[in-house]
Amino acid sequence: MSELPTGVTRHTFDGTDRLATRGEPVYGEPTDGAWRAWNPNRSKLGAMLELDMDTGLAGGETVLYLGAASGTTVSHVADFAGPTYAVEFAARPVRDLLDAAESRPRLFPLLKDARKPETYAHVVESDVDVIVQDVATRGQARVALENRRFLADDGRLLLAVKARSEDVTREPAAVFADVREELSGGYEILETERLEAYHADHLGIVARPR
Ligand SMILES: C[S@@+](CC[C@H](N)C(=O)[O-])C[C@H]1O[C@@H](n2cnc3c(N)ncnc32)[C@H](O)[C@@H]1O
């Protein structure tokens, strides 16, 4: 079993053992004292942890999170990580993301397009420890490659690939093979796992920069 990052634990909510972090609730998740349940069905990173993927997360890392939406997952990340830059290009969810950031001084929402890293390069510090990527867009490998510039040499990319965002008509396995191939232009892939138990047609990837 991979160790959970410091600040993430397994906690019992109403008799059920679940992943949890400490922080203000964000999406109606069950709470118990300071703990809030982390729902892997609503979070690809949560699913990667549930599936015991070796994310390399220890807690306290500097994180660049791409595709933050309204903050479901990135709020958990900011509960245990260090400075957490959360990029999302749709204005509507960013309003909720700002609410999630109110009680989280280390969470920095950025209304930006992850395909244009030059537009936030002046804000995000260099050599971040981790990039978490969950963008529902075509060209997910390209987004990861374009944001590699922010990652420390010994950093980690934690990527959730959504097959249907690339091509709804193709077999997910074929899409994943292409994404892996393109990604290997800039990253060494350390581990992959289908997230099927929690998210249909998604692949979890752990990689490090080449
Ligand atoms: C599946 S949702 C993310 C869910 C979120 N990661 C979570 O677990 O809480 C995908 C998000 O990617 C965003 N997105 C898609 N293309 C993007 C881009 N080029 N730049 C920034 N965000 C993008 C969408 O607006 C959407 O909110």
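This is a short tutorial dialogue on reading pockets, ligand contacts and buried residues in a predicted model.

Student: Let's start with empty space. How does one find pockets, and what volume does the largest pocket have here?

Tutor: Rolling a probe the size of a water molecule over the atoms shows where empty space is left. In this model, the largest pocket comes out at about 190 Å³. Its lining is made up of 16 residues, and those nearest the centre are Lys-44, Gly-67, Ala-68, Ala-69 and Asp-134.

Student: Which helix gives the most to that lining, and what classes of residue does the lining have?

Tutor: Helix α2, residues 72-80, gives the most, with three residues. Sorted by class, the lining of the largest pocket has five charged, six polar and five nonpolar residues.

Student: What about the second largest pocket?

Tutor: That one holds about 150 Å³ of space. It is lined by 13 residues, with Gly-67, Phe-89, Val-135, Ala-136 and Thr-137 closest to its centre. Here the classes split into six nonpolar, two polar and five charged residues.

Student: Now the ligand. Which residues are closest to it?

Tutor: There are 19 residues around the ligand, and Tyr-65, Gly-67, Thr-73, Glu-88 and Asp-134 are the closest. For polar contacts, look at pairs of N or O atoms within 3.5 Å. A polar side-chain atom of Thr-73 sits 2.5 Å from a ligand oxygen. Arg-115 also uses its side chain, with a polar atom 3.5 Å from a ligand nitrogen. With Ala-136, a polar backbone atom is 3.4 Å from an oxygen of the ligand.

Student: Back to helix α2, then. Is Ser-75 buried or exposed?

Tutor: The cut-off for buried is under 20% relative accessible area. Ser-75, which belongs to helix α2, counts as buried because its relative accessibility is 0%. A polar atom of its side chain lies 2.9 Å from the backbone oxygen of Thr-72. Leaving out residues up to four places away in sequence, Ser-75 touches Val-26, Arg-36, Ala-100 and Arg-104.

Student: And in a strand? Where is Val-206, and what does Val-206 touch?

Tutor: You'll find Val-206 in strand β11, residues 202-209. Its relative accessible area is 1%, so Val-206 is buried too. Setting aside residues up to four places away in sequence, its contacts include Met-48, Met-53, Arg-156, Leu-158, Ile-189 and Glu-191. Take Met-48: it is 158 residues from Val-206 along the chain, yet their C-alpha atoms are separated by 9.4 Å.

Key
Residues are numbered from 1 along each chain as its sequence is written. This is a predicted model: local features need pLDDT of at least 70, side-chain atom pairs count only at pLDDT 80 or more; totals for chains, interfaces and linings use all residues. Side-chain values use heavy atoms; hydrogens and water are left out. On a 1 Å grid over the protein atoms alone, a cavity is a set of points where a 1.4 Å probe fits but cannot get out, and a pocket is an open set with protein on both sides within 12 Å along at least five of seven lines; lining residues have an atom within 4 Å of a point. Grid points are joined across faces, edges and corners, and a volume is the space filled by probe spheres set on the points. Helices (H or I, at least four residues) and strands (E, at least two) are DSSP runs, numbered from the N terminus. Ala, Val, Leu, Ile, Met, Phe, Trp, Tyr, Cys and Pro count as nonpolar, Asp, Glu, Lys and Arg as charged, and the others, Gly among them, as polar. Buried means under 20% relative accessible area, exposed over 50%, partly exposed in between (1.4 Å probe, protein chains only). A polar contact is a pair of N or O atoms within 3.5 Å; within protein, one must be able to donate a hydrogen and the other to accept it, and residues adjacent in sequence count only if both atoms are side-chain atoms. Contact means heavy atoms within 4.5 Å. A residue is near a molecule or strand if one of its heavy atoms lies within 4 Å of it.
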